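Work through the exercises below with the model open beside you, and try each task before reading its solution.

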Amino acid sequence: MERLGALKLEYLNACDPAAQGRRGVLGGALFERLGRQSRAAGAAPGFPLAQVSLPVLGHAGEVLELWRIGDEVRAGAHGRVRYTCSPDVLFGSLSVHEEEVAPPSGEAGERTPLYEATAQAYREIFATLAAVDYPHLVRVWNYLPDINLERHGLERYRQFNSGRQEALIACGRDIAGNVAAASALGCASGSPLVIYFLASRLAPDLIENPRQVSAYHYPAQYGPRSPSFSRAAVLRKKDAATLFISGTASIVGHRTMHTGDPVAQTRETLRNIEALLEEAGRKALGGKLSLEALAYKVYVRDPRDLPLIRAQLTEAIGGQAPVVYLQADICRRDLAVEIEAAGSRAL
Ligand code: 3EB
């Protein structure tokens with residue numbers, strides 16, 4: 001599987017000795033319950049490590065997501081962004097406390113603290129990409145506290161969408177079509193906004209799901225500004241391509257399906273992922289990746305649903321694929337589960 005220059009994703013128990021091997025690591029993310037004394041974060045790693053306050057389900061402890069590449073890497077920083085880059089791929093991470101952003105004076109309108117924190121974060125990301133010349137944002141992971149809480153008259157996920165879109169416009173980026181694959185989940189109250197991302201010198205192929213309305217065309221009932229993300233992205237290297245599947249849920253068209261039924265929601269989500277594998281296989285990968293060939297992060301809203309959701313997933317993908325289960329709030333209250341995935345294919 002190891003190819004020179006190919007991106008490689010691993011999910012490790014943070015105590016695993018393999019987590020100590022830092023060669024070729026672009027960056028990573030550490031998932032653990034808020035307030036837990038981390039065993040992994042103790043020694044400062046030589047790469048950007050996003051700290052995400054989300055409980056790991058299924059087994060105790062913390063999970064380390066590592067992105068490796070078989071190329072020389074160098075590290076740097078720009079504003080609050082810490083990054084590592086190989087000749088053609090960059091991994092970056094930053095976190096922004098909402099209390100750090102100056103409260104707008106007078107009538108705030110849409111400019112809530114989360115809106116400002118999000119807009120600042122994305123402006124810093126694009127400034128970093130411009131400074132080091134990796135113009136294409138490929139894949140972004142967004143974790144924001146209290147994602148479903150209504151504040152200042154608007155759900156916080158919707159405030160996040162507005163801030164993200166404002167920054168895209170301010171930085172001369174597209175807000176529909178040419179937008180990165182993404183996930184956006186809730187994390188623990190009191191945590192900062194945490195964002196990590198992959199960017200590239202080569203443009204990725206962006207993939208939409210024929211079963212779903214593109215998120216950037218969602219109607220206004222889901223918020224004043226649509227979420228700017230693609231359903232999947234494919235990044236080609238010389239002899240391999242990596243597919244990034246965005247956070248995917250039980251949505252058909254633009255509507256949530258099977259409210260209150262986590263089993264049916266998991267099945268619908270897997271149908272959406274299958275549809276993306278089909279599209280990506282035809283349009284960008286020169287052949288279809290199978291469900292079994294991906295690595296998964298599964299976000300479960302209610303931990304009591306874990307056995308049901310896990311049983312559906314195991315039935316669909318078998319017991320061999322790497323799967324991490326995290327407890328997270330999902331950006332629509334009626335969604336019980338969301339699944340993201342990634343995998344590589346030789347070209
Ligand atoms: C959805 O399909 C579910 O706002 O970046 C999934 C992936 C979702 C990314 C984002 C939101 C985002 O609309 C939610």
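**Exercise 1.** Decide whether glutamate 268 is buried or exposed in this predicted model, and then find where it lies and which residues it touches.

*Solution.* Begin with the relative accessible area of glutamate 268, which is 5%. Because buried means under 20%, glutamate 268 counts as buried. Next, place the residue along the chain: glutamate 268 belongs to helix 3, which covers residues 262-285. Finally, set aside the neighbours within four places in sequence; the contacts of glutamate 268 are then with Arg211, Ser250, Val252, Met257 and His258.

**Exercise 2.** Classify the aromatic pair formed by tryptophan 67 and phenylalanine 244, and state which parts of the chain the pair links.

*Solution.* The count of aromatic pairs comes to 10. In the pair of tryptophan 67 and phenylalanine 244, the ring centres are 5.7 Å apart and the planes make an angle of 40 degrees. Since planes under 30 degrees apart count as stacked and those over 60 as edge-to-face, this pair is tilted. The two residues are 177 residues apart, with tryptophan 67 in strand 4 (residues 63-69) and phenylalanine 244 in strand 15 (residues 240-248), so the pair links distant parts of the chain. Both tryptophan 67 and phenylalanine 244 are buried, and both belong to one aromatic cluster, whose members also include Phe31, Phe91 and Trp141.

**Exercise 3.** Explain why strand 20 can be called largely enclosed, and identify how it pairs with strand 15 and strand 18.

*Solution.* Strand 20 spans residues 337-346, and eight of its 10 residues are buried, so the strand is largely enclosed by the rest of the structure. Turning to its partners, strand 15 pairs with strand 20 in the antiparallel sense over seven bridges, and alanine 241 stands opposite arginine 345 of strand 20. Strand 18 (residues 295-300) also runs antiparallel to strand 20, to which six bridges join it; here valine 300 has valine 337 as its bridge partner.

**Exercise 4.** Judge how compact the chain is, using its radius of gyration.

*Solution.* The chain contains four helices and 20 strands. Its radius of gyration is 19 Å, close to the 20 Å that the globule rule gives for 347 residues, so the chain is as compact as a globular protein of that length. As further description, 58% of the 347 residues count as buried, and the C-alpha atoms fill a box of roughly 55 × 45 × 40 Å along the principal axes.

How values were computed
Residues numbered from 1 in each chain as written. Predicted model: local features only at pLDDT ≥ 70, side-chain atom pairs only at ≥ 80, totals over all residues. Heavy atoms only, no water. Buried < 20%, exposed > 50% of the residue type's maximum accessible area, 1.4 Å probe, protein only. Contact = heavy atoms within 4.5 Å. Phe/Tyr/Trp six-rings, centres within 6.5 Å; stacked < 30°, edge-to-face > 60°. Pairing = 2+ DSSP bridges. Rg over C-alpha atoms; globule rule 2.2 N^0.38 Å.
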